[in-house]
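Here are some notes to read with the model open beside you. Take the points one by one and find each residue as you go.

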Amino acid sequence: MTKNRAALELIFAGVLWGFGFVATVWALEAFTPVETLFFRFVIASVMGEILYLIIKGPNFTSLREEIFRALPAGLLLGGMLLLQTIGLKYTTATKSGFLTSLYVILVPLFNAWFFKSAGNWKNYALTALALLGTFILVDANLSGINSGDLWTLGCSVFAAFLSIYYLYRKDFKQSGQCVSL
């Protein structure tokens, strides 16, 4: 992969991620948070299954193992998106994006607190700097915290545990899909 293609794919991913907040706010004008996520997950499931069958072909012998591996991540992701969607109903997309990014700081903290992983002061300093940069970039105003902000903070907690789940899954480490903190 060339540097230009990698840069374009990162930009495309960032645009999709950012537009997801706006599209969710639009969807919340017509649907409840649960309905919004239901339609989102149904569409993603159908498209994902079609892609899976095209790429790997029908192989139902490994289905149980794959469900076992995917279920915890799916539950964490579903909880994260539900909390974020409920939060978007009561707060702005800008604040939601900023508060969701707090998971970056929560991952090393939770990893150290719950799993007794040794922390590194450089990691803490760099995550604090990243948070400050995000705050400046989105010009977030946290003076009026509301219930949507609290729902979104809950989303950050779920996102942190999802990242930690991937960190400790041996099969992700062996396949090279996981980068240690």
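Which residues lie nearest the centre of the second largest pocket? Look for Trp 17, Gly 20, Arg 40, Leu 81 and Gln 84, which are among the 24 residues that line this pocket.

1. Before going further, a word on what you are looking at. This is a predicted model, where local features need pLDDT of at least 70, side-chain atom pairs count only at pLDDT 80 or more, and totals for chains, interfaces and linings use all residues. Residues are numbered from 1 along each chain as its sequence is written, and side-chain values use heavy atoms, with hydrogens and water left out.

2. Now the overall layout. The protein has 8 helices and 0 strands, so the pattern along the sequence is α-α-α-α-α-α-α-α (helices are DSSP runs of H or I with at least four residues, strands are runs of E with at least two, and both are numbered from the N terminus). Of its 181 residues, 29% count as buried. Buried means under 20% relative accessible area, exposed means over 50%, and partly exposed is in between, using a 1.4 Å probe and protein chains only.

3. Back to that pocket. The second largest pocket holds about 550 Å³ of space. On a 1 Å grid over the protein atoms alone, a pocket is an open set of points where a 1.4 Å probe fits, with protein on both sides within 12 Å along at least five of seven lines; lining residues have an atom within 4 Å of a point. Grid points are joined across faces, edges and corners, and the volume is the space filled by probe spheres set on the points.

4. Who builds the lining? Helices H1 (3-28), H2 (33-56), H3 (63-90) and H7 (147-168) each give two or more residues to the second largest pocket. H1 gives the most, with 8 residues. By type, the lining splits into 15 nonpolar, 7 polar and 2 charged residues. Here Ala, Val, Leu, Ile, Met, Phe, Trp, Tyr, Cys and Pro count as nonpolar, Asp, Glu, Lys and Arg as charged, and the others, Gly among them, as polar.

5. Next, the salt bridges: there are 2 of them, each being a side-chain nitrogen of Lys or Arg within 4 Å of a carboxyl oxygen of Asp or Glu. Side chains of opposite charge can pair when their charged atoms come close. Glu 9 pairs with Arg 5, with the closest N and O atoms 2.6 Å apart. These two are 4 residues apart in helix H1, so about one helical turn separates them. Glu 9 is partly exposed, at 35% relative accessible area.

6. The other bridge joins Asp 149 and Lys 95, whose closest N and O atoms are 3.0 Å apart. This pair links distant parts of the chain, 54 residues apart: Asp 149 sits in helix H7 and Lys 95 in helix H4 (residues 93-100). Are these partners buried or exposed? Asp 149 is buried, at 2% relative accessibility, and Lys 95 is buried too, at 10%. H4 is mostly covered, with 6 of its 8 residues buried; Gly 97 and Phe 98 are among them.

7. Finally, check a few spots by eye. Phe 39 belongs to helix H2 and is partly exposed, with a relative accessible area of 41%. Leu 126, in helix H6 (residues 121-138), is exposed at 55%. Its C-alpha lies 9.2 Å from that of Ile 105, and the two are 21 residues apart in sequence. Ala 27 is in helix H1 and counts as partly exposed, at 21% relative accessibility. The C-alpha atoms of Ala 27 and Thr 85 are 9.9 Å apart, with their positions 58 residues apart along the chain.
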